[in-house]
Each structure stands twice: as structure tokens, then as C-alpha cells.
Amino acid sequence: MALLVVPACLLVLALLVGPMILMFRISLEQYSPTQLMIATFSPDNYVRAATDPYYQQVILTTLGVALLCTALTLVIAYPAAYWVGRIQSRWKSLVVIATLFPLLVGNVVRSAGWMALFARGGLINTLLLRTGLVAEPIELLYTPKAVVLGIIAVVLPYMILTIASVIESIPRDLEDAASNLGASSLRTFWRVILPLSAPGVAAGCILVFVLCMNTYATAVLLGGPRFKMMAPAVYDQFVRGNNWPMGATLAFMLLAVTMGFTLFGSIAFARRYRVK
Amino acid sequence: MISRRHFLSASAGAASALTSNFSPANAQSSQLVVGTWGGDYGQLLSDIVDKPLIAPKGIEVVQDVANADPRKTKLLAERQSRRGSMDVACLSDSDAYIVAGTNAFEAIDAGKVSRLGKVFPELKTETAIPHIYSAQVILYNTNKVTAPPQSYADLWDPKWRGRIGLADILWSANTIAAALAGGGSPTNFDPAEKMLMDWRSLDVKIYPSNEALAAALKSEEVWLSVMWLARGFMWKKSGIPLSHVVPKEGTPAIVFEASVPRNARNKEGAFTYLDAMLDPKAQAAFADKMGYVPTVSDAVLPEDIAQQVSLSEADRSKLVKLDFAYQTERSQRTLDFWNKQFKG
């Protein structure tokens with residue numbers, strides 16, 4: 001039976017672990033503008049990136065955006081997930097497909113649509129100007145709020161479907177029992193539904209948080225050149241600066257921060273809901 | 001129902017078709033892989049060089065489309081390999097300089113590229129043919145700017161506050177303009193740092209791409225920019241009311257070049273291709289469609305096109321020859337300053 005996992009393990013080893021080992025080696029090398037990199041074995045790049053106020057700020061911004069987007073997505077997604085999880089109509093599969101529909105559109109295409117909406121001459125500004133609500137176009141594109149909105153639109157289906165699949169498995173009888181015992185709807189949600197759906201909430205939050213931390217297209221297209229997140233910073237070093245060692249270093253820092261917060265969140269969640 | 005035998009034979013057939021048709025590893029000698037930009041450039045190469053000039057020679061061109069940075073990185077990463085993935089590599093002059101410095105390109109001479117004799121001498125290099133070129137100018141909206149700036153330094157006049165737009169992807173070219181405005185030179189970018197910070201305080205707008213900048217010029221969100229004359233020509237053709245000024249401090253040129261990697265699999269075909277890129281009709285077509293100036297003396301442009309894309313004798317004397325050694329050595333500092341201080 002154990003042999004069944006061999007193909008998957010080989011694939012992961014070849015396509016994930018192998019390149020990561022290579023990248024880690026590159027992160028310890030020294031940048032050269034003409035030779036791409038010079039073979040060394042030094043933690044200099046990590047020290048430089050960790051002590052550079054610019055990259056500290058980029059990591060903080062990335063974390064802030066990811067945490068905010070995860071929280072907002074959870075708040076928006078939960079009621080929808082509850083409805084999807086509880087729906088018993090024969091149209092349920094259509095509802096699931098409709099939830100998935102935004103994922104059929106690529107991130108870049110979706111962001112291009114948002115750009116058309118948010119631009120100074122875009123749909124929103126045109127409507128605001130024509131209705132006289134504003135005298136001058138307002139700045140929507142290339143702002144942090146555009147990025148947050150754009151990211152939430154991308155990750156919402158992941159959160160809804162992850163939570164809905166758990167809510168679906170919670171017996172309705174439990175809600176009826178709580179109601180019969182005099183619990184209000186709010187109390188039933190807080191003491192019964194939420195704790196039982198916690199695994200779905202945790203899984204959804206982790207999935208969404210990881211996606212937010214690694215956002216590239218939405219941050220570049222909607223945030224503009226001045227908005228700083230880690231994935232565009234990694235790209236900048238690899239592609240524009242041709243500085244592979246620093247690009248690899250930043251990629252590992254992003255990975256470490258993402259893994260650290262994910263582990264911390266998972267453990268905290270498990271303690272909160274398993275102990276009780 | 002699909003049997004195991006059917007599945008295996010179909011898979012093998014598909015794999016065979018894939019490797020024989022698409023993998024550069026199995027490219028035959030009649031196939032030529034050209035590493036190039038996509039968009040208008042790639043399409044024009046296909047329409048003006050590949051189909052009419054190369055296909056009749058029995059060479060099938062396969063375009064490896066990517067931006068310059070991934071192509072440059074690929075060339076650097078592959079330079080130790082016995083067999084590379086490209087036969088012809090198109091790069092800008094500054095990128096070609098970096099790759100050529102690693103000895104990754106074949107030397108070019110008239111024995112290999114017969115039309116090299118027609119190339120303007122100042123554009124020749126040892127390892128590349130100059131395909132097309134343009135100059136960096138000040139673009140301005142003719143409806144909004146009645147007294148256009150005459151120098152890069154004029155762009156720091158507070159009256160243009162919030163009305164100047166720059167393309168983020170041209171960080172290096174924009175830094176050079178700032179250096180020249182501040183009294184710097186091709187070997188001294190130091191003044192650029194103060195000038196960029198002054199520009200920032202004048203609320204200069206930065207756009208992620210040339211296309212986003214064009215949209216901002218069209219909507220009159222910004223009125224002025226530092227840009228290649230050729231781009232200005234294309235934007236003007238698309239209906240944006242623009243004109244240009246060749247700045248007093250001088251105008252850095254950009255030359256788009258093509259080289260043959262040492263580990264190319266089809267070198268003979270590659271040199272044939274470089275020759276075709278210098279064909280006078282092909283050169284004139286690039287000027288007409290994209291606004292880039294021919295690099296050969298026998299390419300004749302229609303007068304109206306020539307007026308719009310070429311530099312006058314007086315303006316040609318203002319061409320600034322860049323020092324790529326200095327620019328390359330300083331590239332990380334330039335990028336870091338652009339990202340961390342100017343945009344930060």
C-alpha cells in the first residue's frame with residue numbers, strides 16, 4: 001500500500017524539493033552584474049535583506065495585506081458558505097459551479113477588468129462624474145484598496161467552498177436541538193455551528209492566507225509600481241535586476257514568513273477548538 | 001472504452017509528435033529558433049523577415065517569444081551548455097553588452113553577414129547586428145503644452161507638477177535622463193539620485209508599463225514624458241496628440257540588436273537571418289510600422305515617415321553614446337535607488 005504514494009512523492013521531489021534545494025544554494029551565492037553569480041557560500045544576502053528597512057517594510061505590507069484580506073474574505077465568505085452548505089435544492093451543483101466561475105477567468109484578465117473599472121477614465125469615475133457626485137476623478141487604481149478588493153475577488157471562491165464542504169457535514173439536527181433547548185440563532189451559530197465548522201474555517205484561512213502572501217499579478221496591476229509586496233519584489237530581483245541570489249533569498253524569506261504564520265495560525269486554531 | 005493498449009499507443013504518438021514538432025532539443029538544421037519580443041516586433045519579424053525572406057530558403061523560423069529580461073537570463077544561464085535553445089537572440093544594446101561580456105555570442109563579420117557593409121559604422125559591434133534604433137526624447141501633449149520644454153532639466157519646472165508620467169519598466173532610461181538633467185554624464189549617474197527625489201516631490205506619476213503610460217497621456221492625466229521617439233510615433237498614429245523635443249542635454253539612443261549564441265544549433269541559418277534583418281525593405285517596414293530608424297544606409301524611407309521618426313543632422317549630433325560598462329556595474333544601485341528611494 002505504501003508504494004501508492006511513490007509517484008506523488010517522486011513528483012514533489014522532482015518539481016518542488018529539487019528546485020528549492022537549488023534555489024537555496026543560489027541564495028548563498030554572490031551577485032555579479034556580468035557573470036549572473038559568483039560561487040560562494042555566504043549568508044550575506046539574508047543578512048542584507050533582513051536588515052534592509054525597505055524589505056522589512058515590504059514584508060510588513062505583504063503580511064498586513066494578507067491578514068486583512070483573509071479576515072475580510074472570511075467575513076464575506078462565511079454567510080455564503082453556510083447557504084451553499086445548507087442548500088438542498090437540485091440546483092445545488094449549479095450554485096457550486098457559479099461559485100467556481102470566477103476561477104475560470106485568469107488573474108491577469110480579471111485584473112485588467114478591474115483596471116477598466118478603476119481607471120481615472122474608467123466606469124466608476126465616469127458614473128461618479130456624470131451623476132455629479134464628484135467634480136474630479138477619484139484615485140482608485142494604483143491604491144492599496146484596489147489591491148485588497150482585487151485579491152478578495154480572487155480568493156473568495158476558495159474560502160466559500162472550503163467552509164461549505166465542512167458545514168455540509170454538520171447534521172441539521174444539532175441546530176434543531178440547540179433551538180429546542182432555547183438557544184437563539186446567534187447563540188446556536190456561536191456555540192454549535194462555528195466550533196464544528198472550525199476545521200473548514202482553518203483550512204480556508206490557511207489556503208487564502210498563502211494565496212494572498214504570494215499575490216503577484218493583482219499587486220502589480222492594481223497596486224501600481226509604488227505598491228510593495230514580496231512576490232513583485234522577488235520578480236524584480238530575478239528579472240529586472242538579474243540578481244538571482246537576492247531573488248532566491250527574498251523567495252525563501254517569503255516562504256519562511258508564510259510558513260511561520262501558517263503554522264502559528266494552525267496551532268492556535270487547533271488549541272482553541274480541540275481543547276473545548 | 002479505451003483499452004490500455006490504445007492508451008499507451010496514443011500516448012506514445014502524442015509524445016513523439018510533441019518532441020518532434022515543438023522541442024528545441026530536436027530542432028532540425030532547417031529550423032531556426034529566434035528569441036524575440038512578442039507583440040508588434042515579433043509579428044513584424046514574422047511578416048517582413050520570416051515569411052518573405054527566410055522561408056523561401058527552406059528555413060522554418062520558430063519564435064521563442066519573451067521579454068528581454070528572461071531572454072537575457074536564459075542566455076546567461078545556458079552559456080556553459082553545449083547546445084543552446086536559441087539560434088538568434090534579439091536584445092537591446094545594453095542587454096546585449098552584458099551577455100556579450102560572458103563570451104556567449106559568436107563574432108560577426110562581413111564574411112558571415114554580407115550586408116554588414118551597409119550598416120552605419122557608429123552602430124556596429126563585434127557580436128551583434130544593429131537591427132533598428134531610436135532616440136530618447138521628451139514627448140508632450142500638443143493640446144496642453146504650448147511652450148514645450150527644451151531640455152530634460154526643464155521637466156523639473158514646478159509648473160509641470162503632477163503632469164509628467166514615466167514608465168516603471170524604463171527605470172534605467174529614466175535614471176539616465178535624470179542624470180543628464182542634473183549635469184551628469186554617461187559615466188556619472190550620481191546627480192540622478194537627487195534629481196529623481198526632486199521629481200518625486202513634484203509628484204511625477206509612474207505607470208507599470210508603456211501601455212499604461214500611453215493611456216494616461218491619452219486621457220490627459222499626464223501631459224509630458226521621457227520616451228523613445230519610436231513609441232511617440234506609434235502613439236501619435238493611434239490618435240494621441242503628441243509631439244517631441246530632442247533635449248538640449250543630448251539624446252541617448254537605444255539600438256535593438258540581434259546576435260548568434262556560440263551554442264546555437266543552426267549557426268548558418270542564424271547568420272542568414274541576421275542578413276535578412278538588414279534587408280532595406282524590411283528595415284523600411286519597421287520604420288513605417290513601429291517608428292524605429294533603419295540601421296543601414298540603403299534603406300529609403302518615405303519622406304513623411306522620415307520626418308517623423310528620423311533625427312535631423314543637428315539632432316543626430318546630440319546623440320549620447322552610453323557607457324555600458326559603467327551602466328552595468330551600477331545597475332543594482334540604479335534599480336535599488338529607483339525601487340527603494342524614488343518609488344519608496
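**Exercise 1. Strand 7 of chain B**

Task: Find which residue stands opposite B:S225 in strand 7 of chain B, then work out which strands pair with strand 7 and in which direction they run.

Solution:
- Start at B:S225: the residue opposite is B:G165. Keep in mind that you're looking at a predicted model.
- Next, look at strand 5 (residues 164-167) of chain B, which runs parallel to strand 7 and is joined to strand 7 by 2 bridges.
- Now turn to strand 4 (residues 129-141) of chain B. Here the two strands run antiparallel, with 5 bridges between strand 4 and strand 7.
- For a concrete pair from strand 7, take B:L224, whose bridge partner is B:Y140.
- Finally, check how covered strand 7 (residues 224-228) is: 5 of its 5 residues are buried.

**Exercise 2. Helix 7 of chain B**

Task: List the buried residues of helix 7 of chain B and say which elements they pack against.

Solution:
- Go along helix 7 (residues 210-218) and pick out B:A212, B:L213, B:A214, B:A216 and B:L217, which are buried.
- Follow those residues outward. They pack against strand 4, strand 5, strand 6 (205-207), strand 7 and strand 8 (242-245) of chain B, plus helix 8 (229-237) of chain B.
- Strand 7 from the previous exercise thus turns up again among the packing partners of helix 7.
- Just after the helix ends, look at the backbone of B:E220, where phi is positive at about 65 degrees.

**Exercise 3. Two helices that cross**

Task: Are helix 5 and helix 6 of chain B roughly parallel or roughly perpendicular to each other?

Solution:
- Two numbers are needed here: packed helices are described by the angle between their axes and by the distance between those axes.
- For helix 5 (residues 171-181) and helix 6 (residues 190-201) of chain B, the angle is about 100 degrees and the axes are 8 Å apart.
- Angles of 65 to 115 degrees count as roughly perpendicular, so helix 5 and helix 6 of chain B are roughly perpendicular to each other.
- Who makes the contact? From helix 5 of chain B come B:T175, B:A178, B:A179 and B:A181. Helix 6 of chain B brings B:P191, B:A192, B:M195, B:L196 and B:W199.
- Sort the residues of this contact by class and you get 8 nonpolar, 1 polar and no charged.

**Exercise 4. The two domains of chain B**

Task: Which element gives the most to the side of domain 1 of chain B that touches domain 2 of chain B?

Solution:
- First set the bounds: the domain assignment puts 27-133 + 254-300 of chain B in domain 1 and 134-253 + 312-342 in domain 2.
- The C-alpha centres of these two domains lie 27 Å apart.
- The contact takes 10 residues from domain 1 of chain B and 12 residues from domain 2 of chain B.
- On the domain 1 side, helix 4 (93-100) and strand 9 (251-259) of chain B are the elements that give two or more residues.
- Helix 4 of chain B gives the most, with 3 residues.
- By class, that domain 1 side divides into 8 nonpolar, 2 polar and no charged.

**Exercise 5. Buried or exposed in chain A?**

Task: Decide whether A:P245 is buried or exposed, and do the same for A:D176.

Solution:
- Get the setting first. Chain A has 13 helices and 2 strands, and buried residues make up 33% of its 276 residues.
- A:P245 is in helix 13 (residues 244-274) of chain A. It has 26 C-beta neighbours inside 10 Å, so A:P245 counts as buried.
- Leaving out residues up to four places away in sequence, A:P245 touches A:I26, A:S27, A:E29, A:Q30, A:Y31, A:M37 and A:N45.
- Take A:N45 from that list: 200 residues lie along the chain from it to A:P245, yet their C-alpha atoms are separated by 7.2 Å.
- Now A:D176, in helix 8 (residues 172-180) of chain A. With 11 C-beta neighbours inside 10 Å, A:D176 counts as exposed.
- A:D176 and A:Y216 are 40 residues apart along the chain, and 45 Å separates their C-alpha atoms.

**Exercise 6. Where the chains meet**

Task: How many residues of chain A are in contact with chain B, and which helix of chain A gives the most?

Solution:
- Count both sides: 18 residues of chain A are in contact with 23 residues of chain B.
- On the chain A side, helix 12 (residues 230-240) gives the most, with 3 residues.
- By class, the chain A side has 7 nonpolar, 7 polar and 4 charged residues.

Technical notes:
Residues numbered from 1 in each chain as written. Chains lettered and ligands numbered in written order. Predicted model: local features only at pLDDT ≥ 70, side-chain atom pairs only at ≥ 80, totals over all residues. Contact = placed C-beta atoms within 7 Å. Helix = DSSP H or I, 4+ residues; strand = E, 2+ residues; numbered from the N terminus. Nonpolar A, V, L, I, M, F, W, Y, C, P; charged D, E, K, R; others polar. Buried ≥ 20, exposed ≤ 12 C-beta atoms within 10 Å, placed from the backbone. Pairing = 2+ DSSP bridges. Axes fitted to C-alpha atoms, helices over the stretch in contact; angles between N-to-C directions. Parallel < 35°, antiparallel > 145°, perpendicular 65-115°, else oblique. Domains from an automatic or database assignment.
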